[in-house]
Amino acid sequence: MEMALYFYVCSLAVLFTLSAAVKIILKMRGRYEQTPRLVQWEEAIMFVYFALGFAGLLLYYHQLPVGPALLWQAYAIGLFCYAAAMHWFPKMHWIERVASRRAYLTTLFAGHFLALPFYFLVARLALLDI
C-alpha cells in the first residue's frame, strides 16, 4: 500500500509539473493571456501550495524530517478549505463561463476524485504527532 501511495504522489507531482510547464510555455508564446489574470494567479499560488504538500509527503515517505506537526495541521486545514470552496474560486467560474456545464462538473468532480488520496495522505501527515 505504501508503494502505491508513493507512486500516486510522484505521478500527481509529475502531472502538476507538466501542467505548470505547459502554462509557462503558453505564457511565453502569448497564448496564456486569454486566461483571466485572477485564474493565472490562482493557478500559480495553488501550484506552489500543492508543491509544498508533495515535498512534505515525499520527505515523510523517505523518513526525513518534515517540519513541525503544526505546519502540516495548518496545511491540511487550508487544503480542506480549498477543496470545500473550490466551486467559488476564479478558475471554476471561468471554466463554467467558457465551457459547458458538463465540462464544469467533470472538472470539479474529477479534480476532487484525483485529489482524494492526496487529501488522505496530507491528513495522515498532519496527525503524526497527535
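What volume does the largest pocket have? I looked this up in a predicted model and obtained about 750 Å³.

**Entry 1: pocket lining.** I listed 26 residues that line the largest pocket, and those closest to its centre are Phe16, Ser19, Lys23, Glu43 and Lys91. I then asked which elements give two or more residues to this lining. They are α1, α2, α4 (90-98) and α5 (101-126). Helix α1 gives the most, with 8 residues. By class, I recorded 17 nonpolar, 4 polar and 5 charged residues in the lining of the largest pocket.

**Entry 2: the chain as a whole.** I found 5 helices and 0 strands; from the N terminus on, the elements run α-α-α-α-α. The C-alpha trace spans about 45 × 30 × 25 Å along its principal axes. Of the 130 residues, 29% count as buried. I noted an exposed area of about 8400 Å² for the chain, with carbon and sulfur atoms supplying 74% of it. Among contacts with a separation of 6 or more, 72% join residues 24 or more positions apart.

**Entry 3: aromatic pairs.** I counted 11 aromatic pairs. For Tyr6 and Tyr61, the ring centres are 4.1 Å apart and the planes stand at 20 degrees; the pair is therefore stacked, as the cut-off for stacking is under 30 degrees. Tyr6 belongs to helix α1 (residues 2-29) and Tyr61 to helix α2 (residues 37-61), so this pair ties together parts that are 55 residues apart in sequence. Are these two tyrosines buried or exposed? Tyr6, at 22% relative accessibility, counts as partly exposed, and Tyr61, at 28%, also counts as partly exposed.

**Entry 4: Phe50 and Phe54.** I next examined the aromatic pair of Phe50 and Phe54, which is tilted, with 6.5 Å centre to centre and 40 degrees between the planes. Both residues lie in helix α2, 4 residues apart, which is about one turn of the helix. Phe50 has a relative accessible area of 7% and is therefore buried; Phe54, with 6%, is buried as well, since the cut-off for buried is under 20%.

**Entry 5: the cluster.** I followed the ring pairs further and found that they link Phe16, Phe50, Phe54, Tyr82, Phe89 and Phe118 into a cluster. Phe16, one of the cluster members, is also listed among the lining residues closest to the centre of the largest pocket.

Conventions: Residues numbered from 1 in each chain as written. Predicted model: local features only at pLDDT ≥ 70, side-chain atom pairs only at ≥ 80, totals over all residues. Heavy atoms only, no water. Phe/Tyr/Trp six-rings, centres within 6.5 Å; stacked < 30°, edge-to-face > 60°. Buried < 20%, exposed > 50% of the residue type's maximum accessible area, 1.4 Å probe, protein only. 1 Å grid on protein atoms, 1.4 Å probe; cavity = no way out; pocket = protein on both sides within 12 Å on 5 of 7 lines; lining within 4 Å. Points joined across faces, edges and corners; volume = space filled by probe spheres on them. Nonpolar A, V, L, I, M, F, W, Y, C, P; charged D, E, K, R; others polar. Contact = heavy atoms within 4.5 Å. Areas by Shrake-Rupley, 256 points an atom, 1.4 Å probe, with all protein chains shown as cover.
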